[in-house]
Amino acid sequence: MVPAANDLTESVDLPPRADLGTDREAVAALGGFEPGDPRGPVTESDRATLAVQLGRPARGLVSIAARCVCSRPLVVRTAPRLEDGTPFPTTYYLTHPVLTAAASTLEAAGVMREMTVRLTRDDELAAAYLRAHELFLASRAELGRVPEIAGISAGGMPTRVKCLHVLVAHALAAGPGVNPLGDEALALAISARLWSPQRCWCAAKAVAGLDL
Ligand SMILES: [Zn+2]
């Protein structure tokens with residue numbers, strides 16, 4: 001998921017980092033998700049939408065962990081072992097094409113490298129990210145223990161940032177204040193107008209093919 005450096009998307013105007021808060025209030029001010037949004041059971045309509053979003057049926061689907069304002073899935077919660085027995089560490093998986101494109105754009109802009117450097121210099125951030133890793137593992141353990149991936153979370157946690165898609169999915173599923181770098185990536189995406197939680201982005205051309 002790491003595009004080459006020369007793929008850097010020039011059209012994205014990322015705001016100065018100083019303008020972005022990573023605390024709960026700042027993310028909420030940007031329209032961050034709050035836990036407790038109605039998620040509801042997985043419906044046949046959800047499964048059909050996921051198949052379009054992913055280009056294949058969703059695997060290991062447990063629930064919809066975050067939804068668009070229109071109620072279509074943004075993030076799925078996935079079993080730690082897929083139907084074919086494969087261990088699957090990425091409990092929260094970003095499915096919405098506009099959000100996955102937003103995460104890719106931030107990755108191409110060098111956000112992961114910069115975050116990883118900050119983790120080595122900012123003890124408070126490193127501690128919060130470690131806590132996010134632990135909460136991620138605890139959430140996955142609710143779905144069953146899989147020895148092959150014991151202690152291994154996803155996205156580079158707890159000491160690196162290797163996939164913003166994972167961190168954004170975790171932030172959307174858990175709500176602000178759980179995954180600091182997921183919150184921050186989401187805030188960056190919102191500030192850069194790549195996505196926002198207040199409106200439905202399902203009609204964007206990246207999701208053409210959805211039955212709207
Ligand atoms: Zn929508």
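Student: Where does P89 lie relative to β2 and β3?

Tutor: P89 lies in the loop between β2 and β3. This is a predicted model, and the statements below apply to that prediction.

Student: Why is P89 called partly exposed?

Tutor: The relative accessible area of P89 is 24%. Buried requires under 20% and exposed requires over 50%, so P89 at 24% is partly exposed.

Student: Which residues does P89 touch, not counting those up to four places away in sequence?

Tutor: The contacts of P89 are F136, R140, I149, I152, S153 and A154. A contact here needs heavy atoms within 4.5 Å. A separate value links P89 with V146: their C-alpha atoms are separated by 9.0 Å, and the two are 57 residues apart along the chain.

Student: How many aromatic pairs does the rule count?

Tutor: The count comes to 2 aromatic pairs.

Student: What makes the pair of F88 and Y93 tilted?

Tutor: The ring centres are 6.1 Å apart, and the cut-off for a pair is within 6.5 Å, so F88 and Y93 qualify as a pair. Their planes stand at 40°. Stacked would need under 30 degrees and edge-to-face over 60, so an angle of 40° leaves the pair as tilted.

Student: F88 or Y93: what does the accessibility of each count as?

Tutor: F88 has 14% relative accessibility, under the 20% limit, and therefore counts as buried. Y93 has 27%, which falls between 20% and 50%, so Y93 counts as partly exposed.

Student: Why is the pair of Y92 and F136 called edge-to-face?

Tutor: The distance between the centres of Y92 and F136 is 6.0 Å, and the angle between the planes is 85°. The distance is within 6.5 Å and the angle is over 60 degrees, so the pair is edge-to-face.

Student: What does the pair of Y92 and F136 tie together?

Tutor: Y92 belongs to strand β3 (residues 92-94) and F136 to helix α5 (residues 123-141), so the pair ties together parts that are 44 residues apart in sequence. Y92 is buried at a relative accessible area of 10%. F136 is buried too, at 0% relative accessibility.

Student: How do you know that R199 lies over the face of W201?

Tutor: R199 is at 3.9 Å from the ring centre of W201. The distance limit is within 6 Å, so that part of the test is met. The rule also asks for a position within 35 degrees of the ring normal, and R199 is listed as lying over the face of W201.

Student: What makes strand β2 largely enclosed?

Tutor: In strand β2 (residues 73-78), 6 of the 6 residues are buried, so the strand is largely enclosed by the rest of the structure.

Student: Why are β1 and β2 said to pair?

Tutor: Strand β1 (residues 61-67) and β2 share 5 bridges in the antiparallel sense. Pairing requires at least two bridges, so β1 and β2 pass. One bridge partner of the residues involved is V75 in β2, set against A66. The two strands form a hairpin with 5 residues between them, and S71 in the turn has a positive phi of about 90°.

Student: How many bridges join β2 and β3?

Tutor: β2 and β3 pair in the antiparallel sense over 3 bridges. V76 stands opposite Y93 in β3.

Student: How many residues are in the largest nonpolar core?

Tutor: The largest nonpolar core has 43 residues, and V75, V161, L164, L172 and W195 have the most contacts inside it. Among the elements that give two or more residues to this core are β1, β2, β3, α5, α6 (164-174) and α7 (180-191). α6 gives the most, with 8 residues.

Student: What makes α6 mostly covered?

Tutor: In α6, 10 of its 11 residues are buried. Just after α6, G175 takes a positive phi of about 90°.

Student: Why is L186 counted as buried?

Tutor: L186 has 3% relative accessibility, which is under 20%, so L186 counts as buried. L186 lies in helix α7 and touches L99, V168, A171, L172 and W195, not counting residues up to four places away in sequence.

Student: How many disulfides does the rule count?

Tutor: The count comes to 0 disulfides. A disulfide needs a pair of cysteine sulfur atoms within 2.5 Å. As for accessibility, C163 is buried at 9% and C202 is buried at 0%.

Notes: Residues are numbered from 1 along each chain as its sequence is written. This is a predicted model: local features need pLDDT of at least 70, side-chain atom pairs count only at pLDDT 80 or more; totals for chains, interfaces and linings use all residues. Side-chain values use heavy atoms; hydrogens and water are left out. Buried means under 20% relative accessible area, exposed over 50%, partly exposed in between (1.4 Å probe, protein chains only). Helices (H or I, at least four residues) and strands (E, at least two) are DSSP runs, numbered from the N terminus. A nonpolar core is a set of buried Ala, Val, Leu, Ile, Met, Phe, Trp, Tyr and Cys residues joined through side-chain atoms within 4.5 Å.
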